[in-house]
Number of protein chains: 6
Amino acid sequence: MPYVNIRITRDGATPEQKAELIRGVTDLLVRVLDKNPATTFVVIDEVAMEDWGVGGLPVEDYNRSLEQPS
Amino acid sequence: MPYVNIRITRDGATPEQKAELIRGVTDLLVRVLDKNPATTFVVIDEVAMEDWGVGGLPVEDYNRSLEQPS
Amino acid sequence: MPYVNIRITRDGATPEQKAELIRGVTDLLVRVLDKNPATTFVVIDEVAMEDWGVGGLPVEDYNRSLEQPS
Amino acid sequence: MPYVNIRITRDGATPEQKAELIRGVTDLLVRVLDKNPATTFVVIDEVAMEDWGVGGLPVEDYNRSLEQPS
Amino acid sequence: MPYVNIRITRDGATPEQKAELIRGVTDLLVRVLDKNPATTFVVIDEVAMEDWGVGGLPVEDYNRSLEQPS
Amino acid sequence: MPYVNIRITRDGATPEQKAELIRGVTDLLVRVLDKNPATTFVVIDEVAMEDWGVGGLPVEDYNRSLEQPS
């Protein structure tokens, strides 16, 4: 009975793509660990850009910093 | 000083029901483990239906699949 | 299909007490929100004392600080 | 830059199986959402049987209850 | 490659304050544990007041209870 | 009343370093958001190397792959 939490930045994932993630992760747990899909939960959290940091910066600022000529 | 995270699908829990969950979980931790309620946190996350998967499907599709005649 | 995560410091909770937490939380979700117990997960994490901080201190140091005469 | 947390009961997953989960989830996020694998984290938590509840019971008791003739 | 999740009640944190949290936590992990900032994630979750409980009450009710003359 | 969860790979953080993380994160929340330290929790999870993946590989394999001459 696995519980999987997928956290991604909110940048336009569609319901179809989310359904594909749910199916893909569940299939993987069935195939690799023989888990029962009926008791496999997959929960997706979309996180606003301003709430996700990397490299010490909010993610949009971080991405811009990578694009800068040095 | 327990931290409890309750994750449920977003399908209409009222503020009163949430307050009842908070009180109930806190009382349980006080009764069973003698925890101090003043340092017991209960955080409820409501998750959109399209973001919760079970049986390899988003939860609404999954519920419909159970209702199908085979 | 709720998922509940209970995080407590590791200070001697017995398997019987954990079973009581699992039963109590599940009963609460059934009673308040009419959830299905068969798809209600409760996961308990015991956290070592040195890994839990409050008041800016590891929890044992914090508890000692409260006992000090000022 | 996704973060994925896979929580499973501790019942013998091997390092090879864990590596297969890590690879599979990462490939899925690359394929479905075009994420960068270098900033995709997958963290696996194995949870002791006595700490995982379902149906109001620790998981081993729950599994036994399903096997009982009624 | 640390992952840090900061959960706070939703009561007006600005994007600038969030950026300061992201920078501060990242700097701390670099300084104390020599972590690489490029693979340090900080994710902030703002939680609605009615979804955060302490002392057995939703947080606004709890705060009011502390202000009451006894 | 913030809750902060710091997840790092298990590679030798000392109790003193953990205490420094707890103090640093708490001070940051007090300074930036004027939070009350007495209700600020910081929980550190150390994760075994084989349970942490990045770039589609367990972290030790990933680090080795970066060191390879191409």
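The following exchange goes through the chain contacts and some single residues of a predicted model.

Mentor: In this predicted model, local features need pLDDT of at least 70 and side-chain atom pairs count only at pLDDT 80 or more, while totals for chains, interfaces and linings use all residues. Residues are numbered from 1 along each chain as its sequence is written, chains are lettered from A and ligands numbered from 1 in the order in which they are written, and side-chain values use heavy atoms, with hydrogens and water left out.

Trainee: What makes the relation of chain C to chain A that of a two-fold axis?

Mentor: Copies are superposed by least squares on the C-alpha atoms of residues with pLDDT of at least 70 in both. Chain C falls on chain A with an RMSD of 0.0 Å after a rotation of 180 degrees and 0.0 Å of shift along the axis. That is the relation of a two-fold axis. T39(C) is the residue of chain C that comes closest to this axis, its C-alpha lying at 3.5 Å.

Trainee: How do you know that chain C and chain A meet through the same surface?

Mentor: Contact means heavy atoms within 4.5 Å. 100% of the interface residues of chain C are also interface residues in chain A, so the copies meet through the same surface. Five residues of chain C are in contact with five of chain A.

Trainee: What is the buried area between chain C and chain A, and what atoms give it?

Mentor: Buried area is the accessible area (1.4 Å probe) that two parts lose on being put together, summed over both. For chain C and chain A this comes to about 470 Å², with 87% on carbon and sulfur atoms. The side of chain C that touches chain A has four nonpolar residues, one polar and no charged. Here Ala, Val, Leu, Ile, Met, Phe, Trp, Tyr, Cys and Pro count as nonpolar, Asp, Glu, Lys and Arg as charged, and the others, Gly among them, as polar. The count of salt bridges between the two chains is zero.

Trainee: How many salt bridges are there between chain D and chain A?

Mentor: Four are counted. The term requires a side-chain nitrogen of Lys or Arg within 4 Å of a carboxyl oxygen of Asp or Glu. Why is the pair K35(D) and D11(A) called a salt bridge? The closest N and O atoms of K35(D) and D11(A) are 3.7 Å apart, so the pair meets the 4 Å limit. Strand 1, helix 1 (15-33) and strand 3 (52-54) of chain D each supply at least two residues of the side that touches chain A. Helices (H or I, at least four residues) and strands (E, at least two) are DSSP runs, numbered from the N terminus. Helix 1 of chain D gives the most to that side, with 10 residues.

Trainee: What else describes the contact of chain D with chain A?

Mentor: The contact takes 25 residues from each of chain D and chain A. About 2200 Å² is buried between chain D and chain A, 72% of it given by carbon and sulfur atoms. A turn of 180 degrees with a shift of 0.0 Å along the axis lays chain D on chain A, with an RMSD of 0.0 Å. The C-alpha of N5(D) is the one in chain D nearest the axis, 2.6 Å from it.

Trainee: How do you know that chain B and chain D do not touch?

Mentor: Their nearest C-alpha atoms are 14 Å apart, and no contact is found. Chain C and chain E do not touch either, again with nearest C-alpha atoms 14 Å apart.

Trainee: Why is T9(D) called buried?

Mentor: Buried means under 20% relative accessible area, exposed over 50%, and partly exposed in between (1.4 Å probe, protein chains only). T9(D) has 5% relative accessibility, so the residue counts as buried. T9(D) is in strand 1 (residues 3-9) of chain D. Not counting residues up to four places away in sequence, T9(D) touches K35(A), V47(D), M49(D), W52(D) and V59(D).

Trainee: Is T39(B) buried or exposed?

Mentor: T39(B) is buried, because its relative accessible area is 15%. T39(B) sits in the loop between helix 1 (15-33) and strand 2 (41-47) of chain B. Beyond four places in sequence, T39(B) touches M1(B), P2(B) and F41(F). The C-alpha atoms of T39(B) and M1(B) are separated by 4.8 Å, with their positions 38 residues apart along the chain.

Trainee: Why is D34(C) called exposed?

Mentor: The relative accessible area of D34(C) is 70%, so D34(C) is exposed. D34(C) also has a positive phi of about 60 degrees although it is not a glycine. Most residues other than glycine have a negative phi.
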